[in-house]
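Me: I am new to this model and would like a close look at a single part of it. Please start from one side chain and work outward.

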Amino acid sequence: MNNEKVVLDNMSMQRALTRITYEIIEKNKGVNNLVLIGIKTRGVYLAKRIANRLKKLENTDVPVIELDITNYRDDKKEKNNSQKVATNVVDINEKNIVLVDDVLFTGRTVRAALGAINEIGRPKRINLAVLVDRGHHELPIRADFVGKNIPSSKDETIKVLVSEIDDRDGVEITKK
């Protein structure tokens, strides 16, 4: 039997995203020259939510690129050459990028995303925003903006729920 434990409810998740948004504005001294890149699937929805908050706070549309890192993963042998790396592509050369994902675990997804970003341009700087950092990094990667640090064991699963897919928002921990 799975015993799910809610670690972020809807309101806590919204507050975490709002805090990340303010930190992004502060670190970038505004939103000029800023592009958000969401890692499919849930990172895209989180990036769009951050972009909406940035619009409300700074009255500027910040572009959001949807990044598919499937072909860049080091644990996938076969490549799909017909698969597009990114949609909504804007010029990222010399831009400040905030890469957005739901959970930072081993760091391998972020490593793959950096390889994919390299295919679409050469940004000035890349920062990483994650809703949850659960530890257990296998690569020297750390997030610049973290919604919540959730120490976890390797026999647990962290599940981020977004209303666009899951009909509700939240973060749960489940024992395998």
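With which side chain does the side chain of Glu66 make a polar contact, and at what distance?

Reply: The side chain of Glu66 makes a polar contact with the side chain of Lys48, at 3.2 Å. A polar contact here is a pair of N or O atoms within 3.5 Å; within protein, one must be able to donate a hydrogen and the other to accept it, and residues adjacent in sequence count only if both atoms are side-chain atoms.

The model is predicted, so local features need pLDDT of at least 70 and side-chain atom pairs pLDDT 80 or more, while totals for chains, interfaces and linings use all residues. Residues are numbered from 1 along each chain as its sequence is written, and side-chain values use heavy atoms, with hydrogens and water left out.

Glu66 sits in strand 3, residues 64-67 (strands are DSSP runs of E, at least two residues, and helices runs of H or I, at least four, numbered from the N terminus). Glu66 counts as buried because its relative accessible area is 17% (buried is under 20%, exposed over 50%, partly exposed in between, with a 1.4 Å probe and protein chains only). Neighbours within four places in sequence aside, Glu66 is in contact (heavy atoms within 4.5 Å) with Gly38, Lys40, Val44, Lys48, Val85, Ala86, Thr87 and Asn88.

Val44, one of those contacts of Glu66, is also listed among the buried residues of helix 2. The others on that list are Gly43, Leu46, Ala47, Arg49, Ile50, Ala51, Arg53 and Leu54. The cover over these buried residues includes strand 3, together with helix 1 (10-27), strand 2 (34-39), strand 5, strand 6 (125-133) and helix 4 (163-166). Helix 2 has 17 residues, and the distance from its first C-alpha to its last is 24 Å, close to the expected 24 Å (1.5 Å times one less than the number of residues).

Next come the backbone details on either side of helix 2. Thr41 belongs to the loop between strand 2 and helix 2, and the peptide bond from Lys40 to Thr41 is cis, with omega near 10°. Lys40 has already appeared as a contact of Glu66. Just after helix 2 comes Asn59, whose phi is positive at about 55°, in a residue other than glycine. Asn59 is in the loop between helix 2 and strand 3. At 62% relative accessibility, Asn59 is exposed, whereas Glu66 in strand 3 is buried.

The loop between helix 1 and strand 2 holds Lys29. Lys29 is not a glycine, yet its phi is positive, at about 50°. Its relative accessibility is 77%, so Lys29 counts as exposed.

Another buried residue with a polar side-chain contact is Ser152. Ser152 lies in the loop between strand 7 (145-149) and strand 8 (156-161), and is buried at a relative accessible area of 12%. The side chain of Ser152 pairs with the side chain of Arg134 in a polar contact of 2.8 Å. Beyond residues up to four places away in sequence, Ser152 touches His136, Ile158 and Ile173 as well as Arg134.

To return to the starting point, Glu66 is a buried residue whose side chain makes a polar contact with that of Lys48.
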